[in-house]
Amino acid sequence: MRRLWPRTFFAQLVLGTVLVQTLMLGVFITWVVSAQRDLAQKRTTARIADQLNRLSVASARQMARGDNSALQDVLELAEIATTIQATRLTDLEGKTLAVSDAGRNRGLDAEELKVLPTATKQQIFKIRNGQPEAVTPVLQNGKPVALLWLEPNPSSAYNTANTVARIAFSYGAFALLANLLPIFLMTRAMTRPLRRLSDATQSIVHNSGTESVFPLPVTTANEAGLLTVNFNTMVRELEAQRSGLLETLALLDSMLGNAPIGFAFFDGDFRFVRLNGFFAEMSGEQPSAHVGSLVNQVFAGEFGQRLEGCIAEVFQSGKAKRDVEIAAEPTSDGMPRRTWLMNFYPVCMQANVVRWVGVIVSEITDRLAAEETLRKTEKLAAAGRLAASVSHEINNPLEAVTNLLYILRHHEPMDEQALLFIETAQGELARVAEITQQTLRFYRQSASRSRTDLAEVMSSIVKLYQPRLTAARIKVVKEFRGGTELFCFGGEMRQVLANLIVNAADAMQGGGTLSLRARRGSGRLQNGTWGQGIRVAVSDTGTGMSPQTKAKIFEAFFTTKQATGTGLGLWVSEEIIRKHGGSVRVRSRQGEGSGTCFWMFFPDAVAGEIPSAEIRAKS
């Protein structure tokens, strides 16, 4: 029935009206026809009785005269009436005495013969096909002498009923058309705004853009117009809510996507449901490549197993799991070991039913490295303090021994061999004293700026590390021109140059050339202008650096020396250069003709606090 019933409001109203009107018209016509038939039957009975009485009286007169010809004329004349089909006059035994033209071809039938014994009184009965017939006795002197049979015309009995039925049917048809016309006009006025509301609702559902559709025009002042006004109000409210929701979602998506910690959600099959870019960086793939993938497909080995195990534990217990450290082993492409701190928590859509498991991840590789570096730094600081103490304690007896050797050398008599031994001892003691003084200079940092000769600082550093340089077959080339004195913190400047010289030596394990240059000249200041100062260059012919390494050399805790490095040398050096208002450029190349060169410029005067250092790395 639902398939046959139309879907549109207009078609439903038209079809319903047609069905109701047709049903009412059928009932009305049935009632009218039935009532008219009953009335026609009563009228026919009365008319037949009247006609029988008249014909029986006329027949009795002609029979009394004995004029059979006139009797026949009476019966013939009776057929002139449209309500009479045939007449017959018989004796009491049923023998025909006279008959009209319509009844000549037959005698009394079986139904008429059944009535014959009781025909002495007037009666109406039905014969063939339910047609009515009447019989009445013809009386003479009060006694029946014959029987008058009358068959009424059957069509005349129904003419009035059929006429009434046709009139009622015509009226019903015109009434139906008259009802459909206002329905058509009304439904068009109703369905137009409803259709606009339907189209507008679809555009809202499919989010196909409502700017060009709303507000809907209000064309009527009836309920449809009021519905349109309310719908426009609702749409405005929805648009405001949608705009606020979209802004909120955009903010949340931006926070999720750009947060410095990782977010990810997993379903019960250990598949990625959603994640942000920080979490995707753990595998080096795009976030879209993770969605729908299994954990063990993205993270292989022990890392993936531990991650999957923690997720499974939260699904089973429904409780959060906090502060879980999971480390990934170094990769084949040289990426170091990385460690993450993870917190797992259940996401429940219903009470006690875990639908997803969320993971919040923060990388603690640098923190662990910093902690390890701080421990190493503290060891170095302790060793430095111990070395300074030892150097201080050694310095005093060295001065005494040096004085004793001086006195012994000038003591008479002394042969040449003894003088040679004394001179050699004085040279070695002088070297030990120099090492002691250099050690104390590193420890005793200057509290204020002073005039420091950078060329002399580099020479003293080379002298300190000369045995190491000689053992590594490293040739030192010095080129110092002009005045190289600088108003600076001497101890800090010594630390910068020592870091660069030691790094250069470490890069030339198989031997090479260490070039040290210092000269007065002009250079670009940090504010973009040019000024006078000292230009210093430290270069080597070592293995060089890759672009990735060169980009990170000034980051704290970044080192390529594994267990022997702290990753703080160049970072501290950059801070010292910034403190002195200087700038540094780096150029490095791997392969044939490899090597690294640090160019530094230190201005003569620095006014006020110095902003961040200008670091320009050139390939």
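Start with β9 and β10: ten bridges tie strand β9 (residues 338–350) to strand β10 (residues 353–363), and the two run antiparallel. If you want one pair to click on, take Pro 346, whose bridge partner in β10 is Val 357. Keep in mind as you look around that this is a predicted model.

Now zoom out to the sheet these strands belong to. It is an open sheet of five strands, ordered β7-β6-β10-β9-β8, with antiparallel pairing. The edges are β7 (272–275) and β8 (321–328), each of which pairs on one side only. Going from one strand to the next, the twist averages 25°. Helix α9 (residues 301–317) packs on this sheet, where it touches β6 (262–266), β8, β9 and β10. The direction of α9 makes about 165° with that of β8.

Next, follow the sheet out to its β7 edge. Three bridges join β6 to β7, again antiparallel, and here Phe 265 stands opposite Arg 274 in β7. The two strands make a hairpin with five residues between them. Look in the turn for Phe 270, which has a positive phi of about 65°.

That turn also has a visitor from further along the chain. Leu 294 sits in the loop between α7 (287–290) and α8 (295–298). Leaving aside residues up to four places away in sequence, Leu 294 touches Asp 269, Phe 270, Arg 271 and Phe 272. So Phe 270 turns up twice, once for its positive phi and once as a contact of Leu 294. For a sense of the spacing, Leu 294 and Asp 267 are 27 residues apart in sequence, with 9.7 Å between their C-alpha atoms.

Let's move on to the helices, with α14 (residues 490–506) as our reference. The axes of α12 (residues 454–464) and α14 come within 10 Å and cross at roughly 50°. That angle is why α12 counts as oblique to α14. The crossing is right-handed. On the α12 side, the contact involves Leu 454, Val 457, Met 458, Ser 460, Ile 461 and Val 462. Facing them from α14 are Met 493, Arg 494, Leu 497, Ala 498 and Ile 501. Sorted by class, that gives nine nonpolar residues, one polar and one charged.

What does α14 do with helix α16 (residues 569–579), and at what angle do their axes cross? The axes of α14 and α16 come within 9 Å and cross at roughly 140°, so this pair is oblique too. The crossing of α14 and α16 is left-handed. From α14, the residues involved are Glu 492, Gln 495, Val 496, Asn 499, Leu 500 and Asn 503. They meet Gly 569, Leu 570, Val 572, Ser 573, Ile 576, Ile 577 and Lys 579 in α16. By class, this contact has six nonpolar, five polar and two charged residues.

Finally, a word on confidence. The protein chain has a mean pLDDT of 77, and 77% of its residues reach 70 or more. Strand β17 (residues 595–603) has the highest confidence, at a mean of 93, while strand β18 (residues 614–618) has the lowest, at 42. Over residues 607–619 the pLDDT is below 50, yet this stretch has 34 contacts in the model beyond near neighbours in sequence. Where pLDDT is low, the predicted coordinates should not be read in detail.

Terms used
Residues numbered from 1 in each chain as written. Predicted model: local features only at pLDDT ≥ 70, side-chain atom pairs only at ≥ 80, totals over all residues. Heavy atoms only, no water. Pairing = 2+ DSSP bridges. Helix = DSSP H or I, 4+ residues; strand = E, 2+ residues; numbered from the N terminus. Axes fitted to C-alpha atoms, helices over the stretch in contact; angles between N-to-C directions. Contact = heavy atoms within 4.5 Å. Parallel < 35°, antiparallel > 145°, perpendicular 65-115°, else oblique. Left-handed = near helix turned anticlockwise from the far one by under 90°. Nonpolar A, V, L, I, M, F, W, Y, C, P; charged D, E, K, R; others polar. pLDDT = per-residue confidence, 0-100.
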